[in-house]
Amino acid sequence: MLSNLERSAYILVNLDSLAHNISVLRSRCPSKKTGVISVVKAGAYGHGSVMVSHHLKNIGVERLAVAIVDEGIHLRKHHVKGPIHVFGNVQSWEMHSCLQYNLIPTVCDEKAVLTMAETLNKTKTNGEQLSGPIISDDIIYQSDVPQGSVNIKIDTGMSRNGCQPDDLPKLIKICQDHDIHVDAVFTHFADSWGNKEFTEMQLDTFLKATEPLKSLGIKRHASNSGAILRCYGTDLDYIRPGISMYGLPPDNASEEFKAFGLKPVASMVSYPTLIKRLQDGRKVGYGCTYTADNEQSIATFPVGYADGYWRHLSGKGFVIRDNSGERCPVVGRVSMDAITVRVPADTSLSETFTLMSADYDPLTSASGIADIVGTISYEVATRLSTRFPRLYT
Ligand code: PLP
C-alpha cells in the first residue's frame with residue numbers, strides 16, 4: 001500500500017464513509033429539494049480539499065463552500081467545477097478574484113457590492129479577460145449560479161460577520177440597482193447543538209428578516225452540523241454540513257450524537273521506523289520524562305506535533321497495533337517529528353499502527369483526542385498537517 005508514498009505515515013480517508021454521512025445528513029431534511037453545500041474549508045477539515053471536493057461532486061452534492069478566496073482558487077486550479085461559496089467576509093479587493101474564478105462571495109456591506117458591480121461592469125464593457133491562462137472556462141464557468149452572484153450574510157446573534165437584519169432590504173436594493181444577482185441570504189448559528197433557545201431565537205430572526213425574499217426567488221440557508229442534526233432550518237433551500245460530514249461531533253461524542261450513525265472518515269496510520277530494546281533505567285525522549293522500569297521495546301513513529309499529533313498526548317496518548325487491536329502507550333514527549341511508543345517485544349517494522357482511529361474511541365479517535373487535550377474535534381481534524389500523504393479508499 002505504501003509503495004508510492006515517500007513517507008511511512010499517512011492519513012487514510014474513507015470516501016464511502018463520507019458518502020454515507022451525506023446521506024444521513026440529507027435524511028434530516030423534510031424535502032428532497034433541500035440541497036447540500038458541503039463545507040470543505042481548511043483542507044476539507046484536514047481531509048484534503050481537492051479529492052474530497054471531487055468526490056462530493058461525484059456523489060451529487062450541489063455546492064461547496066470554503067472560508068477564504070484562496071481556498072476557492074485552489075479548488076478551481078484543481079479542476080473542481082460547480083458553485084463554490086466563500087463564506088468568510090470577502091473584502092472589496094477580493095471581488096476581482098471571485099469573478100475570475102467564479103466564486104460566490106459573501107457580502108455584508110455596500111462597499112463590497114459596489115466593487116463587485118464595478119468589476120463586473122468593467123469586464124462586460126471593456127471585455128477585460130477574467131479567467132487565468134491555465135484553467136479552461138469549462139471548469140470555471142460550469143455552474144448554475146450566474147457569474148458575479150453574491151450571497152448576503154446576516155448576523156442573527158453571533159456578532160461576527162454579517163449585516164444587521166434591518167439592513168438587509170437596503171443591501172438587496174443596492175444589489176438590484178447595480179444588476180448584482182443575489183443568489184441567497186444566509187446566517188450562521190452560534191450554538192446549534194448545545195443551546196436550543198438561542199438557536200430558535202436566531203432562526204426566528206432569520207426567518208422574519210428573509211420571509212419577503214421568497215417572492216424574489218432569493219434562496220436561504222442556515223444549518224450547520226448541530227442544526228442539521230437537531231433539524232433547525234433543514235427545510236430551507238440548503239443545509240451546510242461541515243464537521244458532521246466528516247463523521248465528527250460538533251461537541252463531544254455523546255451517546256446522543258453517536259445515535260445518528262455517522263462514520264468518522266479519517267484515520268492516521270503509521271509504520272514504526274525503528275524499534276529498540278531498552279534496558280531497565282533507560283530514559284526516553286526530550287526532557288527524559290520517561291524511564292523504562294523493565295526491559296522493553298520502544299518503537300519510534302515518524303509523526304510529531306508538526307503533523308498535528310498533539311504534544312499534549314505526551315505520556316497520555318495511545319496507538320493501536322493493527323494486527324492485534326492492542327493499545328500501546330505513547331511514552332516520553334511527543335516531539336516535532338516523532339513519537340515513541342512502548343510496544344510488544346514481537347513488533348516488526350512491517351506492521352501498521354493506527355495513531356488516530358476512525359471511530360469514537362475515548363483514547364484514540366479524533367473526538368477522544370480532543371477530549372484528552374482539551375479541545376474540539378474541529379481543531380484535531382484541521383491540524384492534520386499537509387505533510388501527511390492522504391490515501392483515499
Ligand atoms: N456554515 C458556515 C457559514 C460556516 O462558517 C461553517 C463552519 O464554520 C459551517 C457552515 C459548517 O459548520 P459545522 O462544521 O459546524 O457543520
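## A walk from the ligand outwards

A polar side-chain atom of Arg 240 sits 2.8 Å from a nitrogen atom of the ligand. That's where we'll start, but keep in mind that you're looking at a predicted model. Ser 225 joins in as well: one of its polar side-chain atoms is 2.5 Å from an oxygen atom of the ligand. Gly 242 uses its backbone instead, with a polar atom there lying 2.9 Å from a ligand oxygen. How much of the ligand does the protein bury? On its own the ligand would expose 390 Å², and the protein buries 92% of that. There are 13 residues around the ligand, and the ones that come nearest are Lys 41, Tyr 45, Ser 225, Arg 240 and Tyr 378.

Now let's look at the barrel. Eight strands make it up, and it is closed: follow them in the order 2-3-4-5-6-7-8-9, with parallel pairing. Strand 2 (residues 35-39) pairs with strand 9 (residues 238-239), in the parallel sense and over 2 bridges. If you want to find one of the residues involved, pick Val 36, whose bridge partner in strand 9 is Ile 239. Helix 1 (residues 15-26) lies across these two strands, strand 2 and strand 9, and runs at about 135° to strand 2. Helix 8 (residues 168-177) packs on the sheet too, touching strand 6 (150-153) and strand 7 (182-186), and its direction makes about 165° with that of strand 6.

Next up is helix 3 (residues 49-58), where Ser 49, Val 50, Val 52, Ser 53, His 55 and Leu 56 are buried. Here's a handy bit of background: an α-helix has 3.6 residues a turn, so residues three or four places apart point the same way. What do the buried residues of helix 3 pack against? Their neighbours include helix 1, strand 2 and helix 2 (41-46), along with strand 3 (63-66), helix 4 (69-77) and strand 19. After helix 3 comes Gly 60, which has a positive phi near 95°.

Strand 19 leads us to the other sheet, which is open and has 9 strands. Trace them in the order 11-14-17-16-15-18-10-1-19, and you'll find that the pairing is mixed. Which strands are at the edges? They're strand 11 (274-278) and strand 19 (390-392), each pairing on one side only. On average, neighbouring strands in this sheet are turned by 35° against each other, if you ignore direction. For one antiparallel pair, look at strand 15 (residues 318-321) and strand 16 (residues 327-331), joined by 3 bridges. There, Ile 320 has Arg 327 of strand 16 as its bridge partner.

Let's finish with strand 10 (residues 266-270). All 5 of its 5 residues are buried, so the strand is largely enclosed by the rest of the structure. In a regular strand, side chains alternate between the two faces of the sheet. In strand 10, Ala 266, Met 268 and Ser 270 point one way, while Ser 267 and Val 269 point the other way, and all are buried. Strand 10 also has partners in the sheet. It pairs with strand 1 (residues 9-13) in the antiparallel sense over 5 bridges, and Val 13 stands opposite Ala 266. Strand 10 is also joined to strand 18 (residues 353-356) by 3 bridges, again antiparallel. In that pairing, the bridge partner of Met 268 is Met 356.

Conventions: Residues are numbered from 1 along each chain as its sequence is written. This is a predicted model: local features need pLDDT of at least 70, side-chain atom pairs count only at pLDDT 80 or more; totals for chains, interfaces and linings use all residues. Side-chain values use heavy atoms; hydrogens and water are left out. Two strands pair if DSSP finds at least two bridges between them. Helices (H or I, at least four residues) and strands (E, at least two) are DSSP runs, numbered from the N terminus. Contact means heavy atoms within 4.5 Å. Axes are lines fitted to C-alpha atoms, for helices over the stretch in contact, and angles run from 0 to 180 degrees between N-to-C directions. Buried means under 20% relative accessible area, exposed over 50%, partly exposed in between (1.4 Å probe, protein chains only). A residue is near a molecule or strand if one of its heavy atoms lies within 4 Å of it. A polar contact is a pair of N or O atoms within 3.5 Å; within protein, one must be able to donate a hydrogen and the other to accept it, and residues adjacent in sequence count only if both atoms are side-chain atoms. Accessible areas come from the Shrake-Rupley method with a 1.4 Å probe; for residues, only the protein chains shown count as cover.
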